[in-house]
Amino acid sequence: MKLGIIGAGLIVEEFLPKLVQIEQLEILGIQSVPSDMDKLKQWCTKYNIPLVTSDFEELSQSGIDTVYIAVPNFLHVSFVEKALNSGL
């Protein structure tokens with residue numbers, strides 16, 4: 001499975017070390033707000049994730065086939081709609 005992650009909160013920080021250990025999973029990118037970019041760049045370097053972005057369209061076109069939506073609850077519906085409309 002080729003995964004994109006949306007969000008950069010504590011749950012992602014805690015869960016990411018376990019995700020990268022799953023052999024059948026390839027994490028291709030992480031998306032969050034521009035203020036999180038420095039943190040995301042560090043994670044991408046540490047875990048060999050090729051894409052860091054603040055743009056959903058860029059993430060959705062990176063070769064992923066599914067997303068892990070790790071944003072505050074009130075944002076879930078909008079990202080689920082974007083993902084479904086993008087064929088994810």
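## Starting at F79

Let us begin with one residue: F79 sits in helix α4, which covers residues 76-85. Helices here are DSSP runs of H or I with at least four residues, strands are runs of E with at least two, and both are numbered from the N terminus. This is a predicted model, in which local features need pLDDT of at least 70, side-chain atom pairs count only at pLDDT 80 or more, and totals for chains, interfaces and linings use all residues. Residues are numbered from 1 along each chain as its sequence is written, and side-chain values use heavy atoms, with hydrogens and water left out.

Is F79 buried or exposed? F79 counts as buried because its relative accessible area is 11%; buried means under 20%, exposed means over 50%, and partly exposed lies in between (1.4 Å probe, protein chains only). Beyond its neighbours within four places in sequence, F79 is in contact (heavy atoms within 4.5 Å) with I6, Q31, F56, I69 and V71. The C-alpha atoms of F79 and I5 are 11 Å apart, while 74 residues separate the two along the chain.

## The overall fold

Stepping back, the protein has four helices and four strands. Following the sequence from start to end, you meet them in the pattern β-α-β-α-β-α-β-α.

The C-alpha atoms fill a box of roughly 30 × 30 × 20 Å along the principal axes. The radius of gyration is 12 Å, which agrees with the value near 12 Å for a compact globule of 88 residues; this radius is taken over C-alpha atoms, and the globule rule is 2.2 Å times the number of residues to the power 0.38. Of the 88 residues, 41% are buried. Among contacts between residues at least 6 apart in sequence, 57% join residues at least 24 apart.

## Two nonpolar cores

In soluble globular proteins, nonpolar side chains tend to be buried together. A nonpolar core here is a set of buried Ala, Val, Leu, Ile, Met, Phe, Trp, Tyr and Cys residues joined through side-chain atoms within 4.5 Å. The largest one has 16 residues, and I5, L16, L19, I27, I30, W43 and I49 have the most contacts inside it. Two or more residues come from each of β1 (2-6), α1 (10-19), β2 (26-31) and α2 (37-47). Which element gives the most to this core? That is α2, with five residues.

I5 shows how these parts meet: leaving out residues up to four places away in sequence, I5 touches V12, L16, L19, I27, G29, I30, Q31, L59 and Y68. A second, separate core has twelve residues, including L59, I64, F79 and L88. So F79, our starting point, belongs to that second core.

## L28 in strand β2

L28 lies in strand β2 and counts as buried because its relative accessibility is 10%. Setting aside neighbours within four places in sequence, L28 is in contact with K2, L3, I49, P50, L51, S62, G63 and I64. By comparison, G9 is 19 residues from L28 along the chain, and their C-alpha atoms are separated by 18 Å.

## N48, out on a loop

N48 lies in the loop between α2 and β3 (51-53). With a relative accessibility of 69%, N48 counts as exposed. Most residues other than glycine have a negative phi. N48 is not a glycine, yet it has a positive phi of about 55°.
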